[in-house]
Amino acid sequence: MLRTITTNTALSSSLALTTPFTQNSLNKIRSALTGSSVRHVIDANEKHAAVLIPFCNVDGQPGVLLELRGKLRTHSGEVSFPGGRVDKEDASFLAAALRETHEELGIWPEQIELLGDGVIGDPELSLGGLRVWPYLGFVYPDGTSRHNPIDPDAPLPSLSVASLRPSMPEVAHCFHLPLSAMLSPARLTTDIFRGARPYSRIKVSDLVAGFGLTWENNTGVNEVGGGMDGELEVWGLTGWYLTVLMTTLHKSTPLVRSQA
């Protein structure tokens, strides 16, 4: 489950939740994820999908970029990462994630710095039966330099969410979830993923307030729809992957509120 250390002690290996991502902090994340083992053996009979977990700075705040799905046949009104089904034309699962990110949000592959040496954990089956491969990357604003060789502790450029081009009606909205909000106890609800493993659902209704949609789970089925009890939530497979990611980071890169 998601949790954080609330301390002001400066730790050389720590990752601050309230200061912008820097090249050094990306290196810490990359180091924490390098060598992550994936136990799943690819089955030629399975169908696959791939998603990108897009870390970014927005207004100087580190966090993750998320989508709100539009009125679709499946997954309507759900919070998700950019991504989708792997096509036979895709050179790899990662290539599929990058292609879908561009198609859905207008983010070019050249804007993305991949973190780690592959997926963040074992790929899970979606409720639709696709094996979903999650990749982590940092998104730079279009046209900016991807690196600052002079000062690796300088804040990396902030992305403007308003500059993105969501592919409507597939993507109704995109928004930024700061790391500090992602780990705020007031937003978290403990749940059980697929009836076996604990994880955290994250309330995000206020981050898209006034968008004009009604957040409902009319099916009564866990993980389907926008959330539970009228809340818009990051939950289901998206919430599970965020829990896996932040737990993995915290084991080797303590998450702190401030490094000042």
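Which residue takes a positive phi in the hairpin of β7 and β8? The answer is G129, with a phi near 95 degrees, in a hairpin that has four residues between the strands. Before going further, it helps to know that this is a predicted model, in which local features need pLDDT of at least 70, side-chain atom pairs count only at pLDDT 80 or more, and totals for chains, interfaces and linings use all residues. Residues are numbered from 1 along each chain as its sequence is written, and side-chain values use heavy atoms, with hydrogens and water left out.

Here is the overall picture. The chain has 260 residues, and 52% of them are buried, where buried means under 20% relative accessible area, exposed over 50%, and partly exposed in between (1.4 Å probe, protein chains only). Four helices and 13 strands are found in the chain; these are DSSP runs, numbered from the N terminus, with helices being H or I of at least four residues and strands E of at least two. Among contacts (heavy atoms within 4.5 Å) with a separation of 6 or more, 72% are between residues 24 or more positions apart. The accessible surface of the chain is about 11700 Å², and carbon and sulfur atoms hold 54% of it; such areas come from the Shrake-Rupley method with a 1.4 Å probe, and for residues only the protein chains shown count as cover.

Strand β8 (residues 130-139) makes a good starting point, as ten of its ten residues are buried. On one side lie L130, V132, P134, L136 and F138, and on the other R131, W133, Y135, G137 and V139, so that both faces are covered. Strands count as paired if DSSP finds at least two bridges between them. Strand β2 (residues 47-58) runs parallel to β8 over nine bridges, and A50 has W133 as its bridge partner there. Strand β6 (residues 112-119) is antiparallel to β8, with five bridges, and L114 is matched with G137. The neighbour across the hairpin, strand β7 (residues 124-125), is also antiparallel to β8 and joined by two bridges, one of the partnerships being L125 with R131.

Turning to the interior, the largest nonpolar core holds 47 residues, and I29, F55 and L177 touch the most other members. A nonpolar core is a set of buried Ala, Val, Leu, Ile, Met, Phe, Trp, Tyr and Cys residues joined through side-chain atoms within 4.5 Å. Helix α4 (residues 236-252) supplies the largest share of this core, seven residues. Leaving aside residues up to four places away in sequence, I29 touches L15, F21, F55, L115, L136 and L249. Apart from the largest core lies another, of 21 residues, including L65, F93, I107 and L159.

Helix α4 itself is mostly covered, with twelve of its 17 residues buried; among them are W240, Y241, L245 and L249. At 1.5 Å a residue, the helix should span 24 Å, and its end C-alpha atoms, 25 Å apart, agree with this. The expected span is 1.5 Å times one less than the number of residues.

Finally, the structure holds zero disulfides, a disulfide being a pair of cysteine sulfur atoms within 2.5 Å. C56 is in none, and the nearest cysteine sulfur, that of C174, is 9.7 Å away. C56 counts as buried because its relative accessibility is 0%. C174 is likewise buried, with a relative accessible area of 6%.
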